[in-house]
Amino acid sequence: MMKTKKLKIEGDVKTDKIESELWVYNESELWDYKRDNNKNTLRDLTLLDNVQFIYELYLAELELKSLGVDFEVVNGLREFQILNKSCEIKDLIKKKSAYFKIIDGEFTDYFQIIQKNQTRSVNQYLTHWIYPYKGKFHPQMIRALLNIIGLKEGDTILDPFSGSGTTALESQLLGINFIGIDISPLCVVQGRVKTESVYVIDEIEKLKNKILASVVDGLVKTDENYYKLLDTLTKDEKVKNFYVLARLLAVSDKSRRNRDFVNSFIKNVNLMLASVKDYLQIKEKLNLKLGNIKIEVGDARNIKLQDNSVDGIITSPPYSIALDYVQNDIHSLIDLGYDVLKIRDSVIGVRGNGKNRIELYNEDMKKSYKEMYRVLKPDRYAVIVIGNATYQGQEIKTVEFTIEYMENIGFQLVHNINKIIFGLYNVMKKENILIFKKVK
Ligand SMILES: C[S@@+](CC[C@H](N)C(=O)[O-])C[C@H]1O[C@@H](n2cnc3c(N)ncnc32)[C@H](O)[C@@H]1O
């Protein structure tokens with residue numbers, strides 16, 4: 001059952017937020033649960049309502065195994081009984097798991113985190129939604145994968161194609177340190193704003209009225225004037241990045257959806273700020289110790305890290321030639337003053353034409369995979385999420401190419417999980433989660 005609610009932002013109704021009843025934080029569910037449990041039913045653990053696919057159930061099971069849980073699936077696949085229940089096991093599941101809603105009568109941390117959502121999309125909670133980047137990871141899946149490959153607080157994970165920063169935010173929430181690289185400076189700003197704004201929320205708020213007034217009064221219409229204004233108002237890169245991304249969101253809304261620039265800017269600044277406040281609140285409520293985040297512009301074919309230096313890799317490289325990342329974000333890159341043609345020269349999957357484009361892609365990805373092997377510690381895991389695209393009517397076997405090459409250079413494939421894709425049916429045929437171990 002759906003209900004529509006007007007979302008109020010500082011006296012001005014900006015957007016309709018649609019909430020599914022399923023997603024509303026509801027204490028009475030816990031009472032129902034407790035009543036049921038008194039009848040001696042077996043459930044210790046209940047899956048989140050959004051777990052719908054076979055691959056998700058499989059990941060949920062892998063996640064429990066990695067956390068050291070012995071379990072049986074009961075009551076029609078949505079509930080689990082824990083066979084080795086202890087305070088330690090319960091605490092691990094409560095704090096870390098990605099697919100469970102209730103553990104022994106208590107809401108999990110993840111369930112409480114995803115209630116902090118300013119959007120209509122269930123997986124765009126906290127700051128994940130900021131900027132409409134095409135080809136984002138599903139954040140819940142990333143949280144599960146971080147657990148599945150055994151990463152713990154204080155470990156370091158690398159994403160050499162960090163995109164919009166999904167792995168960055170999910171690592172940060174679990175206290176795992178994150179190193180991200182992306183060739184696009186726009187992606188670097190996205191990842192930084194999503195993870196760093198929480199540390200400078202007061203400074204961001206202090207500048208808000210001045211910046212909104214300058215935009216509303218039309219004093220800073222051009223990109224150049226706007227960025228100059230930011231330079232005069234603050235020296236703090238984190239604060240500056242917040243307002244850079246707010247502008248780019250409005251630039252994107254205008255060019256992609258023909259929205260009014262000023263209205264979109266005001267709306268986005270308010271929603272971004274509300275999301276960062278949500279983040280701070282949940283961090284304090286759950287007493288989260290956030291991981292350190294480092295995101296830089298860089299090339300995955302030449303990673304500036306030492307050999308055997310990271311504890312895990314989770315990444316999603318360009319799917320062959322499926323998406324033109326430069327073209328998608330061209331308005332924002334130009335607004336930021338970048339030479340788009342120069343960036344394009346180093347973007348994997350968009351170089352060359354026809355058959356040559358696929359050959360160049362394969363060469364570039366071989367270099368990137370070799371680099372991943374070099375920087376990963378032995379016996380640790382690299383997760384590659386990748387799909388086969390269709391080009392000029394033919395399926396390009398990127399998944400098979402990836403498995404073959406990774407195994408050639410010393411990785412062992414330990415899991416190959418088929419994943420359903422929505423929204424890209426025309427170009428994408430299959431997407432797989434490939435989990436490799438560095439073995440030799
Ligand atoms: C599939 S997207 C990653 C999406 C990301 N997982 C997320 O959740 O947003 C692939 C990314 O690879 C980046 N990329 C392309 N060529 C690159 C290169 N040579 N080095 C580093 N990143 C590159 C693109 O800019 C793009 O952001």
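## The two sides of helix α9

In this predicted model, E224 and T232 are exposed on one side of α9, where exposed means over 50% relative accessible area, buried under 20% and partly exposed in between, using a 1.4 Å probe and protein chains only. On the other side of helix α9 (residues 223–233), the buried residues are Y226, Y227, L229 and L230. These buried residues lie on the same side of α9 because they cover an arc of only 155° around the axis, the arc being that of the directions from the helix axis to the C-beta atoms. Helices are DSSP runs of H or I with at least four residues, strands are runs of E with at least two, and both are numbered from the N terminus.

## Salt bridges within helices

A salt bridge is a side-chain nitrogen of Lys or Arg within 4 Å of a carboxyl oxygen of Asp or Glu, and the whole structure holds 24 of them. In α9, K228 and E224 form one with 3.7 Å from N to O, and the two residues, four apart, are separated by about one helical turn.

## A link between distant parts

K85 and D44 also form a salt bridge, their closest N and O atoms being 3.0 Å apart. This pair joins distant parts of the chain, 41 residues apart. K85 is partly exposed at 41% relative accessible area, whereas D44 is buried at 7%.

## Basis of the values

Residues are numbered from 1 along each chain as its sequence is written, and side-chain values use heavy atoms, without hydrogens and water. Local features need pLDDT of at least 70 and side-chain atom pairs count only at pLDDT 80 or more, while totals for chains, interfaces and linings use all residues.
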